[in-house]
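Dear colleague,

I am passing on the structure below, together with some notes on what I found in it. Please read the notes with the coordinates open beside you.

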Amino acid sequence: MPKRKDLRKILIIGSGPIIISQACEFDYSGTQACKALKEEGIEVVLINSNPATIMTDPDMADRTYIEPITPEVVARIIERERPDAILPTLGGQTGLNTAVAVAESGILDRYGVEMIGADLSVIKKAEDREKFRASMEKIGLRVPRSGFARNMEEALAVAAQIGYPLIIRPSFTLGGTGSGVAYNREELLEIAKMGLDASMIGEIMLEESVLGWKEYELEVMRDRADNVVIICSIENFDPMGIHTGESITVAPAQTLTDREYQKMRDAAIAIMREIGVETGGSNVQFAVNPMDGELVVIEMNPRVSRSSALASKATGFPIAKIAAKLAIGYTLEEIPNDITKETMASFEPTIDYCVVKIPRWTFEKFPEAEDILTTSMKSVGETMAIGRTFKEALQKAIRSLEIGRFGLNINLPDNLPDKQEFLEKKLIQPNSQRLFYIAEAFRAGMEIEKIYRLTRIDPWFLNHIREIVAAEGYLTRSPLTDELLKEAKAWGFSDRRLSELWNTGEKEIRAWRMEKGIVPVYKLVDTCAAEFEAYTPYYYSTYEQEDEVRESTKEKVVILGGGPNRIGQGIEFDYCCVHASYALREEGYESIMVNSNPETVSTDYDTSDKLYFEPLTLEDVLHIVEREKPLGVIVQFGGQTPLNLAKGLEAAGVRVLGTSPDAIDRAEDRKRFQEIVRKLKLRQPENDTAMTVKEAIRCAEQIGYPVLVRPSYVLGGRSMEIVYDRESLTQFMEKAITTSPDHPILIDKFLEDAIEVDVDAISDGGLTVVAGIMEHIEEAGIHSGDSACVLPPITFSREMLKTIEEQTKMIAQELQVVGLMNIQYAIKDGELFVLEVNPRASRTIPFVSKAIGVPLAKLATKVMLGRTLRDLGFTTSPRPEHISVKEAVFPFNRFPNVDILLGPEMKSTGEVMGIDHSFGLAFAKSQMAAGFKLPLSGRVFISVHDSHKEKIVPIARSFAEQGFEILATRGTAERLRVNGVKAKTILKVSEGRPHAVDYIKNGDIQLVINTSVGRRSTLDAYHIRRG
C-alpha cells in the first residue's frame, strides 16, 4: 500500500517537560517522526512546551509552537493551521491524553482532522482498564481478576470481593502515577484516593496481586495490511510488583523457553488485532507464574513508550521512525531498514548480544523519601550497556550509572549487630541498591534458594551474580596473569574494580593490559546478527578477536555525552551534544558520539557518523580514543560527567578541544578562582573552604551566618544548603564530607534578599558575546535549575546590564574561554557579586538558544574547531523583542512525604518555556505548561515568616481586590488587618481543630502562600505545604 496522498499537513503533539516516567525518550521519538514525515514531503506542525528538546529546534518541523500542551491550546493551533491529521502516539501519555480530550471536544470533527497512529476508539480500548479487560477476555487471554471503582465506596467493595494484597492502577496515566500495592484497608484508602485523583477519567482498577511473578514486555508493530512484527522481547530482572521503569531489564528475554516465547508472541499479535492498532508500535506487558508457566496480560500502550526507545537502541530498529511511516499509509514490507539497506521493516530484528538497562535514581535529593520501589516510578533516568554475555553487559551497565561504583560492591554500615538480618531486610523490600545487596548476600554465604525466596528474582539471574562474586574471590586469591586478566575483562570487570581486587592501582592494571595487548574490540549493532552488512556504524565493546570498526580518512572529533539522566544533569546537555554533532558534520569532520543513555537523540543511530554505546569512564573513553585517533575530544557539552574526565584525558595525551582543563580547574577551584576575582577587581560574597567540621565552624563564624555550604566539583547543587547556625553546619559537614571526600567544602556568605542572575556567553578566545542575561524570578538561595527566570531581564537598569556584560567579558578573557561559559551573579543593594563561573555548556543553553533564535552549542563547536565568531557572523548580543520565561517542573507527586520547600539543592526534573510579548502572558504560559492551575476565585490562605509579613500586605490586598477571601494564621492575619486588608484567622496545626490543613483537605482553600526561613521548616509549615 503506497503512502496516503490526502495527508499533506500533520500536527505532532509532543510530551512537554521531562518528568519521572516521561523523559527524553519522547524527544528521541518525536525527532525521528519529524524527520520521517518531512522526508516524505509532508508539512509538519509541532506543539511542545519543552525548550530543551531537539524536536523544538526551528528546523525540525515546518512550524513549531512552544506553547502549553492543553486541549484548549491544541484546538487553537488546529483552528489556525488546519492540519489533515494529528499524530498523538509519539508524545507519551501527555500527547495521548491531550488528543483524547481534543477529539472528545468535537474539534477534530469540526475541522475535518483525522487522528492517525491510533484512533480514539483504539486509545480508549487500550487505556480504559475496564474496556481493555473485556477485550482480553473476548480473545481468550487471562488478565488478573479485577474490579473498577470511581469512588472510595466502590473501591472498598471491590477489595472485599478480591481480597488483599491488591494492585491499584488508574486509567490514562503514565509511569504508574497514582498506583500502588495495598496490603490492608488503610493502605487501600490512601492509594485509591491518589489513583482517583491521577486518572483522567476518575477511574481505578483494583487487581488481584501477581506479586513475585516474572514480568516481560514485547515491542510490537502492525500495519494496515495486518503484517505484525515483534521488534524485541524484554525481560524484567525484578519480579512483578515493581514498575517496569524501575526494574533492571534485559534484552532479549533470557529465561523463557521457546514454547513460552511463542505463546507470548501469539498473544501479543492477537492483542494488537483486537485493540485495533493498525499503524504503529505498541508495548505489551505480560506476567508469567514461575511455578507453572501460566501467562496473564498486564497492560498495553498503544503508542511509542519508554520501552520502545530501549528496544530501538537495543536492536538498532528505529521504532518511532517506522511508526510515523506506517501512520501515513506505508506497510512494513515497503519501508527499508536503514541499517542494512537490504532488508525491509517486516524483517524481525535478531541480536547476538545481551543488553542490560539499569534505572538511575536520585533518592539523595530527597532524604525524607524512603528508598522503596513499587508500582509507581521514582527513577529519573536509565543507562544501557551491551555485551556478548549477561555478565559483561551487567558490569558495564553498573559503571555506566555514574554512582561511584565500578562493580558489584557496596559499603555496608559499620558495626552491624546482625549482618544476615540486615541483608535479609534489604532483599525482601525492593530498593535502588538491591542488586548490590544480593552480591553482598552471596559474599555472606547466603544460598541462591534463600535469595530467590526473599526476592523472587529468577535463579538464572541470581546464578550469574553468584558467579561474578565467586570470580571476585578467585581473582583476589590469585596472582595477576595474562589469561586471568583476559578472562576477567571478558566478564565485564573494569580496571578500577580489578585494581581493588588485586590491591594495586588502576593505572597499573591498564599498563599491564596495554603491554600485553589485552584491549577490547568493537562490534556492530546491525539488527540481523551479522546476517547482512550494516551501513550505520553503531558499536559496543567486548573482549573477543574480530574488530568491526570501519576505517575512515576524514578528521574525527569525539563528543562525550552526559550518561544517564539525573536531577542536575538532564536532556539540556544531550541537546548540546547533538548540536555539536550537527556542527561537526557541517564543518566536514567525522563526528563520534560516546554515550550510555538509551533515551536520547544523541544515541540515535543517525545523529553522528559513529556511535559508541559505552560507559563514560576514563578506561572506556581512552579505548575509543586510541582506536579512532581523533583530532580531539569535546568535554564541555555533557555536563559534569565528561568534565570529570578532562584531566585524565589530558594526562593521557588526548587533546581536549575548547577551553583547557586548566581553565576549567581555575574556575572550579575556589582558591584559584579567588585569585581571578582579586586580579579583575570583582566582588564576591565573602567565602572560604574547609576540609573538616572544625575548619568549617571557624570559617562560618568568621564570615557570619547565614552561610551557603556545598561540596566542590558537583552539579545540580548536590548536597548544597543554607545554614543559619553551628548545629546545622556540623550536621551538613558530616554528610558532605562523605559526598565529596577528596575535595574541599565551599563556604560562602549567603546574600539574603538578593536577585540572582544567570548569564550564558560564547567566546572564541578573543571575542566574547553575551548571548543571554536571565533574571531569576525567585530570590537568591533557590538553585538556578529550580528557579523560574526571564529573558531579557525585567527589573535591571541599563547600567547594571552594562556592568554584567563587562564583567562577563573580563572573566572570559582571563580564563581564555573557547566555547560556552555560564556565570551566576547576585545583585544586592545595587551591587553585583560573582557567585560562580562554569566554562562549559549550562542547562540554560537550549532555553537561551530558543529565546534568541541562535544555536549556541552549534556555534560553540565551530569555535572549538578554530572558527571565529566574526567568521560565523555572531558578534553582538541579541536583543529579542519578545519575552521568554523558563519554569521548572518538580517530581514531588512521586515522593509524598517530601517537603516541597525549595533551596540551593536542585530538585526539578525538567522545564517548560512560555513566550509572549509581555512578561505577564509569558509567565502565565509557563505556569500552564508546568501544570499549575491558578484559581480565579475562592479563598487564599496566607502564612508567612515574620520577616516577610510586611512584604505580603500588597499581595494580599491585590487578591482581596480581585474578590478572593483571605484566610491567615494569627500573626499574619493581625498584620494584614492593621494594614487594612480583611482577613479571617484560622488555627495552625499545633493550635487545635479545625486547622489550616483541615481546610485544605476539605477543599475550602484554593491557593496557599507559605514561606519558611532556616534549614528546617516547622512541622506546621510542612503540613501546610503537603496539604
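Strand β18 (residues 538-542) and β21 run parallel to each other and are joined over two bridges, and within this region Y539 stands opposite Y612 of β21. Please keep in mind throughout that this is a predicted model. On β20 there is again a parallel pairing with β21, this time over four bridges, with I592 standing opposite K610 of β21. As for β21 itself (residues 610-613), both of its faces are covered, since K610 and Y612 on one side and L611 and F613 on the other are all buried.

One residue of β20 that I looked at in some detail is S591, which lies in that strand (residues 590-595). Because its relative accessibility is 0%, and buried means under 20%, S591 counts as buried. Once the neighbours within four places in sequence are left aside, S591 is in contact with V557, S581, L584, S608, D609 and K610, and K610 is also one of the buried residues of β21. The side chain of S591 is joined to that of S581 by a polar contact of 3.2 Å. Should you want a distance to a remote part of the chain, the C-alpha atoms of S591 and Q1006 are separated by 53 Å, the two residues being 415 residues apart along the chain.

A second serine that I examined is S308, whose place is in helix α10 (residues 306-315). S308 has a relative accessible area of 1% and is therefore buried. Not counting residues up to four places away in sequence, S308 touches E219, R303 and I319, and with E219 there is a polar contact of 3.0 Å between the side chains.

Turning to helix packing, I can describe two pairs. The axes of helix α14 (residues 434-443) and helix α15 (residues 448-455) come within 10 Å and cross at roughly 155°, an angle over 145, so that the two helices are roughly antiparallel to each other. The crossing in which α14 passes α15 is right-handed, and the contact is made by R434, I438, A441 and F442 on the side of α14 and by I448, I451, L454 and T455 on the side of α15.

In the other pair, helix α19 (residues 506-516) and helix α21 (residues 618-628) have axes that come within 12 Å and cross at roughly 30°, which makes α19 roughly parallel to α21. The crossing of α19 and α21 is right-handed, and the residues that make the contact are E506, R510, R513 and M514 of α19 together with E619, L622, H623 and E626 of α21.

There are also two open sheets to report. One is formed by four strands in the order β23-β26-β24-β25, with antiparallel pairing, and its edge strands, each of which pairs on one side only, are β23 (687-690) and β25 (721-723). Neighbouring strands of this sheet are turned against each other by 25° on average, direction ignored. Within the sheet, strand β24 (residues 707-711) and β25 are antiparallel and joined by three bridges, and the bridge partner of L708 in β25 is I722. Two helices lie across β23, β24 and β26 of this sheet: helix α25 (residues 670-679) runs at about 160° to β23, while helix α26 (residues 693-703) runs at about 170° to β23.

The other sheet is formed by seven strands in the order β31-β30-β27-β28-β29-β32-β33, and the sheet is open, with antiparallel pairing. Its edge strands are β31 (831-838) and β33 (910-916), each pairing on one side only, and from one strand to the next the twist averages 25°. As an example of the pairing inside this sheet, strand β27 (residues 755-764) and strand β28 (residues 768-779) are joined in the antiparallel sense over eight bridges, with I773 of β28 as the bridge partner of V759.

With best regards

Terms used. Residues numbered from 1 in each chain as written. Predicted model: local features only at pLDDT ≥ 70, side-chain atom pairs only at ≥ 80, totals over all residues. Heavy atoms only, no water. Buried < 20%, exposed > 50% of the residue type's maximum accessible area, 1.4 Å probe, protein only. Contact = heavy atoms within 4.5 Å. Polar contact = N/O pair within 3.5 Å; in protein donor to acceptor, adjacent residues only side chain to side chain. Pairing = 2+ DSSP bridges. Axes fitted to C-alpha atoms, helices over the stretch in contact; angles between N-to-C directions. Parallel < 35°, antiparallel > 145°, perpendicular 65-115°, else oblique. Left-handed = near helix turned anticlockwise from the far one by under 90°.
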